[in-house]
Amino acid sequence: MPWCPKCGAEFREGFTTCNSCHVPLIDHEPDGTEEVPPEPEYGEKWLQNDKKRARTLTALRALIALFLAAAVLLLIADKGIF
């Protein structure tokens, strides 16, 4: 069974990367002597470098807000408040 050398999580066969730590898995239970590669830097940094992604994310957030507002209005109208 593959194991994550950083967090020690056990995975089923076929997995190659830890879904939490994003490091390659090893084929034995970690004993603390394994070298763990540095964690890649993610976060909001990709937004700074790619304006198209930032615009897409803003549009998705606006659509979600509109759908939520419409759902609330439909629920209120269904109960006869308006």
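This report describes the fold, the surface and a few local features of a single protein chain.

The structure is a predicted model, and the values below are computed from its atoms. The protein chain has two helices and zero strands, and of its 82 residues, 15% count as buried. Its accessible surface comes to about 6,900 Å², of which carbon and sulfur atoms account for 60%. When contacts between residues at least 6 apart in sequence are considered, 21% of them join residues that are at least 24 apart.

**Helix α2 and its surroundings**

Helix α2 covers residues 51-78 and holds 28 residues, which at 1.5 Å a residue should span 40 Å; the C-alpha atoms at its ends are 41 Å apart, and the two values therefore agree. Just after α2, Gly-80 takes a positive phi of about 75°.

A nonpolar surface patch of about 440 Å² is made by Leu-60, Leu-63, Leu-66 and Phe-67. Leu-63, one of the residues in this patch, lies in helix α2 and is partly exposed, with a relative accessible area of 44%. Leu-63 can belong to such a patch because residues enter one only with over 30% relative accessible area, and the 44% of Leu-63 meets that condition. As a general point, an α-helix has 3.6 residues a turn, so residues three or four places apart point the same way.

**The segment before α1**

His-22 is placed in the segment before α1, the helix of residues 45-49. Although His-22 is not a glycine, it has a positive phi of about 60°, and its side of the picture is completed by a relative accessible area of 39%, which makes it partly exposed.

**The aromatic pair**

How many aromatic pairs does a search of the whole structure find? The search finds one. Phe-11 and Phe-15 form this pair, with 5.8 Å from centre to centre and 45° between the planes, and the arrangement is tilted. The angle counts as tilted because planes under 30 degrees apart would be stacked and those over 60 would be edge-to-face. The two partners are covered to unlike extents, since Phe-11 is buried at 9% relative accessible area, whereas Phe-15 is partly exposed at 38%.

The relative accessible areas of the residues discussed are collected here.

| Residue | Relative accessible area | Class |
|---|---|---|
| Phe-11 | 9% | buried |
| Phe-15 | 38% | partly exposed |
| His-22 | 39% | partly exposed |
| Leu-63 | 44% | partly exposed |

How values were computed. Residues numbered from 1 in each chain as written. Predicted model: local features only at pLDDT ≥ 70, side-chain atom pairs only at ≥ 80, totals over all residues. Heavy atoms only, no water. Helix = DSSP H or I, 4+ residues; strand = E, 2+ residues; numbered from the N terminus. Buried < 20%, exposed > 50% of the residue type's maximum accessible area, 1.4 Å probe, protein only. Contact = heavy atoms within 4.5 Å. Areas by Shrake-Rupley, 256 points an atom, 1.4 Å probe, with all protein chains shown as cover. Expected span 1.5 Å × (residues − 1). Patch = residues over 30% accessible without salt bridge, like charges linked within 9 Å, V, L, I, M, F, W, Y side chains within 5 Å. Salt bridge = Lys/Arg side-chain N within 4 Å of Asp/Glu carboxyl O. Phe/Tyr/Trp six-rings, centres within 6.5 Å; stacked < 30°, edge-to-face > 60°.
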